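Hi there,

Here is the structure I promised to pass on to you. Please have a look at it below, and then read on for what came out of the surface and cavity analysis.

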Amino acid sequence: MSENPSPTSAKEMPVERRRRAKLRLNASMIIGAVLIFLIVALALVSFVWTPYDPSVVDPVARLQAASPEHLFGTDKFGRDTLTWIMYGARITLMVGIVAVGIAVLIGTPIGIIAAVFAQYPWGVWLSAVIMRANDILLAFPALLLAIVFAAVYQPGTGPAMVAVGIAAIPGFARVARSGTMQVLGSEYVRAAKASNRSAPAIAIVHVLPNIAGMVIVQASVAFAISVLAEAGLSFLGLGTQAPVPSWGRMLQESQQFLSTQPELALWPGLFIALAVLGFNLLGDGLRDRFDPKMEARGNE
């Protein structure tokens, strides 16, 4: 005959379920962090050491397979592929940091302002105008903006970063507005309003700390999109220009050798995939970590 669980064991079961749920939720975050650490380590190491000079061209060593001298082989100019992968990690991270920084610094305040205005009768129409303008910006993808910038300015890393950053602004504005609307409906914000706290003070003291998790998650996802956008723009000749190493340009230059030297496209494609996967997994893990609904599931 089976014994009934003791009251102590019954109390411990939800705790054990919460612990296991947190371990499962942290798995994607840990894997994503490890992949991102790999990319960051490559970029940092390239500042102090690389197997070869990325600007050196050696026609004698062109299109060599992987060997102890060239772990990832060489390209059509005889340049070491591993060296270019390491240097390309710099460009990938720089574009992501600048583009996401632009989107966060512009999109987040826009979303907060739109949500704050919506709380007042006189500001409802102004909030609607802000968000409709945000929706219009959403219709312009990074590629289209990059083409416009390339027509006005010279194609390069700078215009590509700005184009990707502007294209990511609507996502942050929507996330910030949604989170702000939730915070503004809370009891402690109502108490702050009753105490005659100004709207800017409420936004800084109460709103920003409570929507920070949502913004961080959106930043991680936007970083993954920035990696893909930079690679795509460089592949099309609208991003990083020669002779600066770029994963997207490595893919573009390897097209003619896909049937004979497929590893030339394998390595940059692999690291682009790892970077995108890393930031997406990190974003999923952070989302689950900051989502109170996940904690509620662990209590069931």
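On the surface of this predicted model, Ile136, Phe140, Leu144, Val148, Val152 and Tyr153 together make a nonpolar patch of about 580 Å². The biggest contributor to the nonpolar patch is helix 4 (residues 142-152), which gives three residues. Tyr153 sits in the loop between helix 4 and helix 5. Is Tyr153 buried or exposed? Its relative accessible area is 53%, and because the cut-off for exposed is over 50%, Tyr153 counts as exposed.

Next, the pocket that ranks second in size. The second largest pocket offers about 210 Å³ of space. Its lining is made up of 13 residues, and those nearest the centre are Val164, Ala167, Ala168, Ala222 and Ile225. Two elements each give two or more residues to this lining, namely helix 5 (157-184) and helix 7. Of these, helix 7 supplies the largest share, with six residues. If you are thinking about the chemistry of the second largest pocket, the lining holds 10 nonpolar and three polar residues, and no charged ones.

Now for the enclosed spaces. How many cavities of 30 Å³ or more does the structure hold? There are two.

The largest cavity contains about 110 Å³ of space. Around the largest cavity you will find Asp75, Lys76, Arg79, Asp80, Thr81, Trp84, Met250, Glu253, Ser254, Phe257 and Leu264. Helix 2 (81-117) and helix 8 (247-253) are the elements that give two or more residues to this lining. By class, the lining of the largest cavity comes out as five charged, four nonpolar and two polar residues.

The second largest cavity has about 60 Å³ of space. Its lining consists of Val116, Gln119, Tyr120, Leu184, Lys193, Ala199, Ile202 and Ala203. Helix 7 (residues 199-235) appears here too, giving the most to the lining of the second largest cavity, with three residues. Here the classes are six nonpolar residues, one polar and one charged.

To put the two cavities side by side for you:

- Largest cavity: about 110 Å³, with five charged residues in the lining.
- Second largest cavity: about 60 Å³, with one charged residue in the lining.

Enjoy exploring the model, and do write back with any questions.

Best wishes

Note on methods: Residues are numbered from 1 along each chain as its sequence is written. This is a predicted model: local features need pLDDT of at least 70, side-chain atom pairs count only at pLDDT 80 or more; totals for chains, interfaces and linings use all residues. Side-chain values use heavy atoms; hydrogens and water are left out. On a 1 Å grid over the protein atoms alone, a cavity is a set of points where a 1.4 Å probe fits but cannot get out, and a pocket is an open set with protein on both sides within 12 Å along at least five of seven lines; lining residues have an atom within 4 Å of a point. Grid points are joined across faces, edges and corners, and a volume is the space filled by probe spheres set on the points. Helices (H or I, at least four residues) and strands (E, at least two) are DSSP runs, numbered from the N terminus. Ala, Val, Leu, Ile, Met, Phe, Trp, Tyr, Cys and Pro count as nonpolar, Asp, Glu, Lys and Arg as charged, and the others, Gly among them, as polar. Patches are made of residues with over 30% relative accessible area and no salt bridge: like charges are joined within 9 Å, nonpolar side chains (Val, Leu, Ile, Met, Phe, Trp, Tyr) within 5 Å. Accessible areas come from the Shrake-Rupley method with a 1.4 Å probe; for residues, only the protein chains shown count as cover. A salt bridge is a side-chain nitrogen of Lys or Arg within 4 Å of a carboxyl oxygen of Asp or Glu. Buried means under 20% relative accessible area, exposed over 50%, partly exposed in between (1.4 Å probe, protein chains only).
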